Amino acid sequence: MPGDLKFEPKTATIEPGETVTWTNESDIDHTVTAYEDEIPDDAAYFASGGFESERVARNRVTEGLIAPGENYEHTFDQPGTYGYFCIPHESSGMVGTVRVK
């Protein structure tokens with residue numbers, strides 16, 4: 001997460017069982033929050049803060065913030081496409097995709 005309100009890379013392609021680590025390289029807080037309707041049906045929901053749903057992540061955003069220099073990681077076991085976003089910067093287009101093949 002560089003300082004220009006985007007995920008880099010915007011799309012990552014990985015193998016099942018691999019872990020993605022997001023590092024906040026900017027000087028402001030961000031989140032990594034899955035869109036519930038943009039993950040495979042059998043996949044576990046993921047969000048910084050460890051929330052079990054998108055609604056809870058949005059309602060408790062401050063608990064999911066990743067501070068500058070901090071990391072969040074998630075292991076993707078199920079093949080498919082996963083859409084995610086940063087809650088505070090979603091309207092600025094801070095969205096990304098993980099493809100698990």
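**Exercise 1. Arg-58 and its partners**

Is Arg-58 buried, partly exposed or exposed? Find also the acidic side chains that pair with Arg-58.

*Solution.* The model is predicted: local features need pLDDT of at least 70, side-chain atom pairs count only at pLDDT 80 or more, and totals for chains, interfaces and linings use all residues. Residues are numbered from 1 along each chain as its sequence is written, and side-chain values use heavy atoms, with hydrogens and water left out.

Step 1. Arg-58 has a relative accessible area of 33%, so Arg-58 is partly exposed (buried means under 20% relative accessible area, exposed over 50%, partly exposed in between, with a 1.4 Å probe and protein chains only).

Step 2. Look for salt bridges (a side-chain nitrogen of Lys or Arg within 4 Å of a carboxyl oxygen of Asp or Glu). Arg-58 meets Glu-54 in one, at 3.0 Å from N to O. Arg-58 forms another with Glu-90, where the closest N and O atoms are 3.0 Å apart.

Step 3. Place the partners in the chain. Arg-58 and Glu-90 are 32 residues apart and link distant parts of the chain, Arg-58 in helix H1 and Glu-90 in the loop between strand S5 (80-85) and strand S6 (95-100). Helices (H or I, at least four residues) and strands (E, at least two) are DSSP runs, numbered from the N terminus. Arg-58 and Glu-54 are both in helix H1 (residues 54-59); because they are four residues apart there, about one helical turn separates them.

Step 4. Compare exposure. Glu-54 is buried at 14%, whereas Glu-90 is partly exposed at 23%.

**Exercise 2. The other salt bridges**

How many salt bridges does the structure hold? Describe those that do not involve Arg-58.

*Solution.* Step 1. The total is five.

Step 2. Glu-63 and Arg-60 pair through their side chains at 2.7 Å, N to O. Glu-63 is partly exposed, with a relative accessible area of 47%, and Arg-60 is likewise partly exposed, at 39%.

Step 3. Asp-4, Lys-6 and Glu-8 are joined in a network of salt bridges.

**Exercise 3. Surroundings of Glu-54 and Thr-31**

Which backbone nitrogen lies 2.9 Å from a polar atom of the side chain of Glu-54? Carry out a similar search for Thr-31.

*Solution.* Step 1. For Glu-54, the backbone nitrogen is that of Glu-36.

Step 2. List the contacts of Glu-54 (heavy atoms within 4.5 Å). With neighbours within four places in sequence left aside, they are Ala-34, Tyr-35, Glu-36, Tyr-45 and Phe-85.

Step 3. Thr-31 sits in the loop between S2 and strand S3 (33-34) and is buried, with a relative accessible area of 1%.

Step 4. The backbone nitrogen of Ile-87 lies 2.8 Å from a polar atom of the Thr-31 side chain. That side chain also makes a polar contact with the side chain of Thr-33 at 3.0 Å (a pair of N or O atoms within 3.5 Å; within protein, one must be able to donate a hydrogen and the other to accept it, and residues adjacent in sequence count only if both atoms are side-chain atoms).

Step 5. Beyond four places in sequence, the contacts of Thr-31 include Phe-7, Ser-48, Val-61, Phe-85 and Pro-88.

Conventions. Contact = heavy atoms within 4.5 Å.
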